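Biologist: I would like to go through this model one feature at a time. Please give the reasoning before each value or name.

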Amino acid sequence: MDAMKDFDPTKNHPMVGVPLDKLKPKPVRKRLDLTLWEKVYVPEVLRGLGITTKHFASNMLGFIVPPKGKKRKVFTVYYPEEQVVLPAAYRGRPVLVMKPDGTEKCVACGLCEKICPANAISIVAAERGEAERYPESYILDMSRCVYCGYCEEVCPKEAIVMSSEYQGLAERERSQLLYSKERLLRSEESVRGRIEYIRRIYSKCNY
Amino acid sequence: MVADLIESLAKIIFIFTINLGFFAPVLGWVERKQSAVMQDRIGANRADIFGFTVIGLFHSLADAIKVLTKEDFIPAGANKFFHTIAPFISLVPAIAAFSVVPFGGKYTIFGHEVHLVIADLDVGILFVFALASLATFGVVLGGWASRSNWSLLGGLRASAQMLSYEVAMGLTIIGIVMVFGSLKLTEIGAMQENFFRWGIFLQPVGFILFLTCAIAENKRVPFDIPEAESELVAGYFTEYSGLKFVMFWMGEFLEIVTISAILTTLFFGAWHLPFVTDAMLLGFFQFAGPNGAAILAMLVNIVTFFGKVVFFIWLQMSIRWTLPRFRYDQIMRLCWKMILPLSLVNILVTGLVLLLWTR
């Protein structure tokens, strides 16, 4: 749990993968029989060695004299020290969204409970004030959750969303995997990006 | 007599230290780190002592501790004697082959002639081939005595591949022997004092063929069909663990060093710097007196030689991480239908040129 509290996706920089505008299709040679030049094999071996040596030399130079301000060529992420920036489409642990006054947005309609293919959610509804429904207990069984995201898709109040959290999900006891309402609540700001994303892709206004 | 003994002991200790104490552990690190750098990765860098990682060098130490504390496992039904002796047979020739490789010239220190080679055999290069054939026994015995299907298949493939490539390897070297007119590695080395008489200029085809055969003889990628991780688990040493496994592993790395040393001696001017003869070196270090000059020149020889060896180790590692594995039939075809005829043609052309040139 501590790891999750410390988790801050904004402080980590390395972006992974090739940027979309740089991905270009390469011509594919359809003829599979080799030319004479390739059958000689030695020149092709030398060409391959040239490619690997080029990578070797440029990376060696990068290790000895790290270039300032440039994006590094090595994609490896030193995991605990640095973490990748996750895109909004990433489906991490489901969380309940909190209103500014600290209570949950959830109105305990039970749609997520109904849609959940793994039967991971169980809600006990209650009322408070003037017929305002709220979940008295909202238990998410993380040992069953399959991260499908149906709950967020079906939710009419944007009350449950898939966050980008992926740390601290392992426990030594199974009872610890039953997440209560208090452990699931997150402020609206922390899941702002995801909420905008689901508004865009699920187009809830078009019902 | 005593001086001879001291000289021999010093040379043997030097070769043992540089092979087992330096090359064997460092090459494990080099293989990991060089492959990482070539493939845009970072490589092993987490083992640390008091927070110092020394770019992953401590992984070799961690590996050593791990294998020393591992169980030495012999499978049920395995032939205990051969299973135990196989790693020794494959490791010892790798070190012993180094005994005929010269790593410097002849110098006189305090009236005693020092020759920087452990055993100056007349049959030099043949001795190396004889030991390389012995290494085959270690592999085949290891595969056969383990009583495992994977090991047996690996041993079978290794025996066929290594026997085939030994034939070709012997023939690829005939050209260089004809050119220099000697089997003695010290003489071949001494004759390459002139930069334009280096073996690579006299026998370029022979060099490529010999390099191919040598890598195949060492069973490394692209010729690693005997151990083929994706097919045979680990091939002939599947059933080995602990120190015996490390002996196979070290044998492979020391063979890289030996192959590099032989390539250097035969094709890349042995201990000579380009355009610098031994007499010039002695003259250059004249300020240190005759004995000091000899010692300094010896050091330069040794550094030059091992610098070239390191370059060839790098080249072999690059080839290992560049090329994909050959299929079994491709390996055999390459040997019998391409390398063997080409080396015969090479011998023919060399002979013709020698005949016309010397007349």
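Biologist: How many bridges join S2(A) to strand S3 of chain A?
Modeller: This is a predicted model. Strand S3 of chain A covers residues 132-141, and S2(A) and S3 run antiparallel. One bridge pairs Glu127(A) with Arg133(A) in S3(A). The number of bridges that join S2(A) to S3 is eight.

Biologist: Which are the edge strands of the sheet in chain A?
Modeller: The sheet is open and has three strands, with antiparallel pairing and the order S2-S3-S5 in chain A. An edge strand here pairs on one side only. That applies to strand S2 (121-128) and strand S5 (178-179) of chain A.

Biologist: Which helix gives the largest share of the largest nonpolar core?
Modeller: The largest nonpolar core has 77 residues. Those with the most contacts inside this core are Tyr165(B), Ile173(B), Leu266(B), Phe267(B) and Phe306(B). The largest share of the core is 13 residues, and these come from helix H13 (residues 289-320) of chain B.

Biologist: How many residues are in the second, separate core?
Modeller: Among the members of this second core are Ala118(A), Ile121(A), Cys155(A) and Met162(A). The core is separate from the one with 77 residues. Its count is 22 residues.

Biologist: Which residues does Phe306(B) touch, not counting residues up to four places away in sequence?
Modeller: Phe306(B) is among the residues with the most contacts inside the largest nonpolar core. With residues up to four places away in sequence not counted, Phe306(B) touches Phe14(B), Ile18(B), Phe23(B), Phe98(B) and Phe103(B).

Biologist: Is Asp224(B) buried or exposed?
Modeller: Asp224(B) lies in the loop between helix H9 (204-217) and helix H10 (229-232) of chain B. Leaving out residues up to four places away in sequence, Asp224(B) touches Lys219(B), Glu229(B) and Arg325(B). The relative accessible area of Asp224(B) is 2%, and buried means under 20%, so Asp224(B) is buried.

Biologist: Why does Leu141(B) count as buried?
Modeller: Leu141(B) is found in helix H4 (residues 124-145) of chain B. Neighbours within four places in sequence aside, Leu141(B) is in contact with Phe82(B), Ala86(B) and Ile89(B). The cut-off for buried is under 20% relative accessible area. Leu141(B) counts as buried because its relative accessibility is 18%.

Biologist: What distance separates the C-alpha atoms of Leu141(B) and Tyr236(B)?
Modeller: Along the chain, Leu141(B) and Tyr236(B) are 95 residues apart. In space, the separation of their C-alpha atoms is 8.7 Å.

Technical notes
Residues are numbered from 1 along each chain as its sequence is written. Chains are lettered from A and ligands numbered from 1 in the order in which they are written. This is a predicted model: local features need pLDDT of at least 70, side-chain atom pairs count only at pLDDT 80 or more; totals for chains, interfaces and linings use all residues. Side-chain values use heavy atoms; hydrogens and water are left out. Two strands pair if DSSP finds at least two bridges between them. Helices (H or I, at least four residues) and strands (E, at least two) are DSSP runs, numbered from the N terminus. A nonpolar core is a set of buried Ala, Val, Leu, Ile, Met, Phe, Trp, Tyr and Cys residues joined through side-chain atoms within 4.5 Å. Buried means under 20% relative accessible area, exposed over 50%, partly exposed in between (1.4 Å probe, protein chains only). Contact means heavy atoms within 4.5 Å.
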